[in-house]
Structure formats: C-alpha cells, structure tokens
Amino acid sequence: MQRRHGNPRRGYYKRKTCRFCEDKNISIDYKNSGMLRDFITERGKILPRRITGTCSRHQRQLAVEIKRARIMALLPFSVHD
Amino acid sequence: MDLYEIMFIQNPDLGEEDHEKLFTRFRNTVSKNRGEIINTQDQGIRSLAFKIQKRSRGRYFLVHLEGPGSMISELERLMRLDENIMRFVTIKLDSHVTREDLMPKAAPEAAPAVETEAAPEAAPAAEAQEAVETTEEQGGE
C-alpha cells in the first residue's frame, strides 16, 4: 500500500523520496553533470530539498558536488538573459 | 600517502607537442615528490558552461594520483602558473577508495555490480567517489 499524506481537503499527494536513498548505486559526483542538472533550476540555482525530496544527508553532498561542477564549468553559476 | 583526483581544463588550441611538454612537467613534479600517477583520462574537448579566459571550449583531463600533501601544493602551484591550464580542481578521495578502484580500464561501474551479488553490504563502496576534503581554486565566474 502506498503511504499517503496531507490534508484530505487539500487532496492527497505521494510523498517524494530521496533518489539516492532509493538507489544506492548512484554516486553523487561532480563529473556526472547530466544527473546534477535535475537538481538545479533553469537559472542554475540549487533546488531546495522540499522540491526534490532529497534527504538532508544527500542534499548536503549534492550541494558540494554542484559547486565543484560549477568551478569546472560543467554547470553554470547563473543563467541570465 | 593519500589518493587524489585532479581535474583540469587545458587550452583547447594547444598543440600535441606543447601538451606533452606540459604533461612531462606535471609527471616530473609528481615523481619528484615521491608520488605516483595511477590513471589519466583525456576527456576531450568539451564546451564550457560559461566562458573562461574568453574561451568557450576546453580540453578536460582527469588524473588520479597518490602522494603526500606537499606534492599537491607543488602541483597546484605549477597549474596556477601555467597559462594553458584554464581551471583545475583537486579532490582528496575518501579513505575507503582503494588504488584498485582507480586503475585504468577497470570500469568503475562494473566492479560494484559484481560485489552486490556476493554481498549486499559491499554496496556502500559504490559511493566511493564521495570525497572528504577539497582544495578548490578560482571560485569566481
């Protein structure tokens, strides 16, 4: 059975889960910039974990690796018009 | 002796000869400091997410090496002085990463997959890329 959360009046939603806890084989690595792109906005900002559902431990690792990828120009610092 | 990973971006317009020269200097610095290069990977010319030194492309290299911390400061000095190195990052690898993980041609994805069949406890080794400590250069855009 799927766990459901939320106020019945606002409707139910499926709880987001941390992608890295679900699959232990994904390593959070700055070299894998394609994967990191899922965790930044179109403007290049790091997405908060309330949006992505990442657990706090992996969010911390993610933030470090995104910043490394930025230094190596694999990800943008910012995207402006 | 610790294991390190260095990634650097080289000027893409650099000729093979100059590149060899640069690499020889790199290797000499490593051996002079009693270090050892385990693996080097040429990742080829890739486009950058933003311009560095007015260039929008760069040739990426990934080097795994073992050596004392003094070697790293020496290498970083060398890379900072070299005009053809546009950007670099040094990462001290986690203590549970072994030399064997970094050996050339041993596909890093293949090894943990075999381990998981034998013992599920071996899975955390897949996270081995995780690094503890870093020295990073040139934070700005």
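This is a short dialogue on how to read some features of a predicted model.

Q: Let's start with the big picture. How many helices and strands are there in chain B?

A: A good way in is to count the elements and then follow their order. Chain B has four helices and five strands. Starting at the N terminus, they come in the order β-α-β-β-α-β-α-α-β.

Q: And what share of the residues of chain B counts as buried?

A: Chain B has 141 residues, and 43% of them count as buried. You can look at the outside too: the accessible surface of this chain is about 7,800 Å², with 48% of that belonging to carbon and sulfur atoms. Contacts tell another part of the story. Take the contacts in chain B between residues at least 6 apart in sequence: 77% of these join residues at least 24 apart.

Q: Now for a single helix. How far apart are the end C-alpha atoms of H2 in chain B, and what span should its residues give?

A: The idea is to compare an expected length with the one in the model. Helix H2 of chain B covers residues 69–81, and at 1.5 Å a residue its 13 residues should span 18 Å. The end C-alpha atoms are 19 Å apart, which agrees.

Q: Which residues of H2(B) are buried?

A: They are Met71(B), Ile72(B), Leu75(B), Glu76(B), Leu78(B) and Met79(B). Look down the axis of H2(B) and you'll see these buried residues fall within an arc of 160°, so they line one face of the helix.

Q: Let's try a loop. Where is Asn33(B), and is this residue buried or exposed?

A: Find the elements on either side, then check the accessibility. Asn33(B) sits in the loop between helix H1 (16–32) and strand S2 (36–52) of chain B. With a relative accessible area of 18%, Asn33(B) is buried, because the cut-off for buried is under 20%. Leaving out residues up to four places away in sequence, Asn33(B) touches Pro68(B), Ser70(B), Met71(B) and Glu74(B). One of these, Met71(B), is among the buried residues of H2(B).

Q: What is the phi of Arg34(B)?

A: Here you check the sign of the angle and the residue type together. Arg34(B) has a positive phi of about 60°, though it isn't a glycine. Arg34(B) also lies in the loop between H1 and S2 of chain B, and at 64% relative accessibility it counts as exposed. Gln53(B) is another case: its phi is positive, at about 50°, and it isn't a glycine either. Gln53(B) lies in the loop between S2 and strand S3 (55–67) of chain B, and it is partly exposed, with a relative accessible area of 45%.

Q: On to the rings. How many aromatic pairs are there over all chains?

A: A search of the whole structure finds seven. For each pair, look at the distance between centres and the angle between planes. In one of them, Phe77(A) and Phe50(B) are 5.3 Å apart centre to centre with 55° between the planes, and the pair is tilted. Phe77(A) lies in the segment after helix H4 (56–71) of chain A and Phe50(B) in strand S2 of chain B, so this pair joins two chains. Phe77(A) is partly exposed at 24% relative accessible area, while Phe50(B) is buried at 10%.

Q: How are the rings of Phe8(B) and Phe61(B) placed?

A: Their centres are 5.3 Å apart and their planes are at 25°, so the pair is stacked. This pair links distant parts of the chain: Phe8(B) is in strand S1 (residues 2–10) and Phe61(B) in strand S3 of chain B, 53 residues apart. Phe8(B) is buried at 0% relative accessibility, and Phe61(B) is buried at 4%. Ring pairs also link Phe8(B), Phe23(B), Phe26(B) and Phe61(B) into a cluster.

Q: What lies over the face of Tyr60(B)?

A: That's Arg46(B), at 4.8 Å from the ring centre.

Q: One more residue. What does Met72(A) touch?

A: Place the residue, then list its contacts. Met72(A) is in the segment after H4 of chain A, and it is buried, with a relative accessible area of 0%. Not counting residues up to four places away in sequence, Met72(A) touches Tyr30(A), Met7(B), Phe8(B), Ile9(B), Tyr60(B), Arg87(B), Phe88(B) and Val89(B). Met72(A) and Tyr30(A) are 42 residues apart along the chain, and their C-alpha atoms are separated by 8.8 Å.

Notes: Residues are numbered from 1 along each chain as its sequence is written. Chains are lettered from A and ligands numbered from 1 in the order in which they are written. This is a predicted model: local features need pLDDT of at least 70, side-chain atom pairs count only at pLDDT 80 or more; totals for chains, interfaces and linings use all residues. Side-chain values use heavy atoms; hydrogens and water are left out. Buried means under 20% relative accessible area, exposed over 50%, partly exposed in between (1.4 Å probe, protein chains only). Contact means heavy atoms within 4.5 Å. The expected span of a helix is 1.5 Å times one less than its number of residues. The arc is that of the directions from the helix axis to the C-beta atoms. Rings of Phe, Tyr and Trp (its six-membered ring) pair if their centres lie within 6.5 Å; planes under 30 degrees apart count as stacked, over 60 as edge-to-face and the rest as tilted. A charge sits over a ring if NZ of Lys or CZ of Arg is within 6 Å of the ring centre and within 35 degrees of the ring normal. Accessible areas come from the Shrake-Rupley method with a 1.4 Å probe; for residues, only the protein chains shown count as cover.
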